Amino acid sequence: MRLPGYDYTQPGAYFVTICVQHRKCLLGTITDGKMQLNEAGQIVIEYLNHIPQHFPSVELDAYVVMPNHIHGIIAWGVSLPGNPHPPEIVGAGSARPSQNATPFENTQNVGAGSPHPSQNNPNRINETASPSLGKIVAYFKYQSTKRINQRYNTPGTRFWQRNYYDHIIRNDPDLQRLREYIQINPMKWELDQLHPDNPSKW
């Protein structure tokens, strides 16, 4: 699911999808197009918001918790354009630009899908401060699973499906399209390919 040859520690913005194991609807339900979180869903929200605390260079943009998966936009080293119409959904967030970040819309090759060597690249920005997308996702999955298993007394149970899906956000229109997708996702639940009643590649 990763782009071959791409350096996932370089500054950029990424759309990430993480699914519950076996696509089970363990995070809540959708009623009248709105997500109703249960306690596990609330824990997921809590640990999504822990990401920028644990990785100070990382910004958490718009995100949504669905019954059996989450979508979110994660960025670092770039300043995402403001969203004049923030999503009115459970789990919506808006980016807070990092200090000394590069403007997203004026950046060449940042989050543009161009493979960059992962070693000895003299053009890397903030090399020592940059996390990798994989490390961020692994932190979130481990911490949220640990807390959920503590709450439900299910030690050692896998909560999240192995791996995750990512999309490298290439430009401002791409960003706005994905923000809109996140916003309307609960209203499209019955048609979602991750709905347990629908065929899916996941």
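I take buried to mean under 20% relative accessible area, exposed over 50%, and partly exposed in between, with a 1.4 Å probe and protein chains only. With that cut-off I looked up helix 4, whose buried residues are D174, L175, L178, R179 and I182.

**Basis of the entries**

I note that this is a predicted model, in which local features need pLDDT of at least 70 and side-chain atom pairs count only at pLDDT 80 or more, while totals for chains, interfaces and linings use all residues. Residues are numbered from 1 along each chain as its sequence is written, and side-chain values use heavy atoms, with hydrogens and water left out.

**Helix 4**

I took helices (H or I, at least four residues) and strands (E, at least two) as DSSP runs numbered from the N terminus. Helix 4 covers residues 172-184. Its 13 residues reach 19 Å from the first C-alpha to the last, close to the 18 Å expected at 1.5 Å a residue; the expected span is 1.5 Å times one less than the number of residues.

How are the buried residues of helix 4 placed, seen down its axis? They fall within an arc of 135 degrees, so they line one face of the helix. The arc is that of the directions from the helix axis to the C-beta atoms. In general, an α-helix has 3.6 residues a turn, so residues three or four places apart point the same way.

I then checked what covers these buried residues, counting contact as heavy atoms within 4.5 Å. The cover includes strand 1, strand 4, strand 5 and strand 8.

**The sheet**

I found those 4 strands in an open sheet, in the order 4-5-1-8, with antiparallel pairing. Two strands pair if DSSP finds at least two bridges between them. Strand 4 (58-65) and strand 8 (165-168) are the edge strands, each pairing on one side only. Neighbouring strands are turned by 20 degrees against each other on average, direction ignored. For such angles, axes are lines fitted to C-alpha atoms, for helices over the stretch in contact, and values run from 0 to 180 degrees between N-to-C directions.

I followed strand 1 (residues 12-19) on both sides. With strand 5 (residues 69-76) it pairs in the antiparallel sense over 8 bridges; F15 stands opposite I73, and C19 stands opposite H69. With strand 8, strand 1 pairs in the antiparallel sense over 4 bridges, and T17 has Y165 as its bridge partner there.

Is strand 1 enclosed or open? I found 8 of its 8 residues buried, so strand 1 is largely enclosed by the rest of the structure. G12, Y14, V16 and I18 are buried on one side, and A13, F15, T17 and C19 on the other.

**Helices 1 and 3**

I looked up the helices that meet the sheet. Helix 1 (residues 39-48) lies across strand 4 and strand 5, running at about 165 degrees to strand 4. Helix 3 (residues 133-152) packs on the sheet and touches strand 1, strand 4, strand 5 and strand 8; its direction makes about 35 degrees with that of strand 1.

I also checked one pair between these helices. E39 is found in helix 1 and R151 in helix 3. Their C-alpha atoms, 112 residues apart along the chain, are separated by 8.9 Å. Leaving aside neighbours within four places in sequence, E39 is in contact with R151 and Y152, and R151 with E39 and I43. E39 is partly exposed at 35% relative accessibility, and R151 is partly exposed at 36%.

**Cores**

I define a nonpolar core as a set of buried Ala, Val, Leu, Ile, Met, Phe, Trp, Tyr and Cys residues joined through side-chain atoms within 4.5 Å. The largest has 34 residues, of which L27, V44, L48, I70, L133, F140 and W160 touch the most other members. Strand 1, strand 3 (34-37), helix 1, strand 4, strand 5 and helix 3 each supply at least two residues of this core. Apart from it lies another core, of 14 residues, among them A62, V78, L80 and L178.

I examined L133 further: not counting residues up to four places away in sequence, L133 touches Y8, Y14, V16, I74, W76, Y164 and D166.

**The hairpin**

I closed with strand 2 (residues 28-31) and strand 3, which pair in the antiparallel sense over 4 bridges. I30 has M35 as its bridge partner in strand 3. This hairpin has 2 residues between the strands, and D32 takes a positive phi near 55 degrees. Along strand 3, M35 and L37 point to one face and are buried, while K34 and Q36 point to the other and are not.
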